[in-house]
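This report describes selected local features of one protein chain. The sequence and structure come first, followed by notes under short headings.

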Amino acid sequence: MMIPIVKPTLMNWDAVIRDFRQAWESGQVTTGQFTRRLEAEVERQLEIPHVIMMQSCTAGLMLVLRALEVEGEAIMPAFTWTATAHAAVWNNLIPVFADISPGAYTLDPEKAVQAITPRTSVLMPVNVFGCPPDYEAFAEIAREHGVHLVYDSAQGLGSRYLDRNGVWRYAGSFGEAEIFSMSPTKVISAMEGGLVTTSNAELAQTLRQMRDYGKTPDAEDIAWLGLSARVPEVDAIVAYYNFAHREHLISRRQELMQIYREGLKGLKGVRFQETPEGYQSSGNYFTIFIDGQEAKHSRDEVYQYLKEHQIQAKKYFFPALHLQKVYQTMGQFYRGKLPVTEAAAASGLALPLFSHMTQAMVFEVIKISRAILE
Ligand SMILES: Cc1ncc(COP(=O)(O)O)c(C=O)c1O
């Protein structure tokens with residue numbers, strides 16, 4: 001039987017059905033009391049003033065950029081999922097790609113500073129596989145250069161960061177907004193959904209209007225260029241019970257990642273993502289980096305070999321954004337200028353990981369990976 005790259009771990013079927021029946025019978029099946037219950041629970045648990053649920057992280061990114069009325073250039077990594085740039089381009093922004101730091105694979109603050117021009121209006125650092133970007137460095141850069149700071153934290157719900165005062169803080173309380181995904185590939189899933197977190201009350205209110213076309217609070221008029229990004233109540237119900245189990249969902253992944261690291265230790269040309277000290281990853285993906293020069297086989301050969309042995313891996317993130325067909329005109333300019341990004345995209349291979357994955361499955365992936373790489 002195939003070991004999948006990812007499988008959503010969904011909790012509390014009976015409670016989900018009970019709540020959904022209530023929504024069903026009441027006729028309030030979208031963006032109602034259960035959506036608000038989820039938002040309020042995330043606000044309380046993560047100590048974040050405002051949480052707004054959306055139909056996806058992509059919709060959240062698009063609406064936050066629109067609500068902040070940014071224009072000109074948006075600095076972001078090219079080692080991310082394509083949605084980061086899509087959201088910018090849908091807002092008529094020009095994505096400006098800056099390179100990432102080796103090891104953590106998140107946006108390199110120094111490279112981001114070098115990319116700033118008078119046209120820069122927003123920095124968009126990205127949480128990579130669960131590892132947050134350098135929150136304090138980016139806060140300082142945004143302050144110094146007077147630009148907006150919006151985090152694509154799609155993979156980071158439940159990630160944590162030890163701040164300068166020695167306090168562990170959850171991802172969600174940084175920048176002007178962070179946007180999370182709760183799609184099926186995420187640690188805490190809503191089936192489909194996204195969360196925007198912010199401490200700006202006005203922005204939060206605007207986003208609540210914008211997810212419903214941009215209606216005025218009395219619904220008599222349209223004040224904003226919004227989207228149809230309301231939330232099916234069933235998604236918010238599923239999200240609520242999965243979110244309640246977040247510590248378990250994350251710690252299971254951390255245990256499995258530790259088994260992977262031990263089991264794959266010492267393979268020539270194989271590196272792991274390094275979560276910097278003072279950060280805790282949500283464990284969204286366990287990605288190894290296979291250096292084609294040093295390792296016994298290339299990343300693509302390992303990918304194929306795993307597939308032949310019923311193991312689904314993922315070349316990730318690949319292609320880097322500037323080399324994707326949709327952004328190919330940019331490729332002509334950026335190719336060769338983002339060396340860390342290009343090396344990461346050519347070598348990254350995400351291995352199967354999900355919270356209810358058994359240790360036996362992890363040992364099987366390790367065995368097959370060692371068979372080709374040893
Ligand atoms: C880094 C990143 N940004 C944005 C998204 C988009 O999330 P959604 O599918 O909820 O729109 C993803 C989804 O995988 C992602 O990994």
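## The annotated lysine

In this predicted model, K186 has a relative accessible area of 12% and is therefore buried, since the cut-off for that class is under 20%. K186 sits in the loop that links β8 (177-181) with β9 (194-198). An unreviewed UniProt entry carries the annotation "modified residue: N6-(pyridoxal phosphate)lysine" for K186.

The surroundings of K186 include residues far from the loop in sequence numbering as well as one within it. When neighbours within four places in sequence are set aside, K186 is in contact with A154, Q155, S181, R253 and N284. There is also a polar contact, at 3.0 Å, between the side chains of K186 and S183.

## Strand β2 and its burial

Strand β2 spans residues 73-77, and 5 of its 5 residues are buried, so the strand is largely enclosed by the rest of the structure. In a regular strand, side chains alternate between the two faces of the sheet. On one side of β2 the buried residues are E73, I75 and P77, and on the other they are A74 and M76, so that both faces are covered.

## Partners of β2

Strand β2 is paired with β3 (residues 94-98) through 5 bridges, and the two run parallel. Within this pairing, E73 is placed opposite I94 of β3. Between the two strands the chain passes through helix α4 (residues 83-90), giving a β-α-β crossover that is right-handed.

Strand β2 also pairs with β4 (residues 120-123), again in the parallel sense, over 3 bridges. Here I75 is the residue of β2 that stands opposite L123 in β4. I75 is also one of the buried residues of β2.

## A three-stranded antiparallel sheet

A further set of 3 strands makes up an open sheet, ordered β7-β6-β11, with antiparallel pairing. Strands β7 (168-170) and β11 (279-280) are at the edges and have a single partner strand each, so one side of each lacks a neighbour in the sheet.

Strand β6 covers residues 160-162 and is joined to β7 by 3 bridges, the two strands running antiparallel. One of the residue pairs in this arrangement is L162 with W168, its bridge partner in β7.

Definitions and conventions: Residues numbered from 1 in each chain as written. Predicted model: local features only at pLDDT ≥ 70, side-chain atom pairs only at ≥ 80, totals over all residues. Heavy atoms only, no water. Buried < 20%, exposed > 50% of the residue type's maximum accessible area, 1.4 Å probe, protein only. Helix = DSSP H or I, 4+ residues; strand = E, 2+ residues; numbered from the N terminus. Pairing = 2+ DSSP bridges. Right-handed = clockwise from strand over helix to strand, strands pointing away. UniProt positions renumbered as here; feature names shortened; annotations may be inferred. Contact = heavy atoms within 4.5 Å. Polar contact = N/O pair within 3.5 Å; in protein donor to acceptor, adjacent residues only side chain to side chain.
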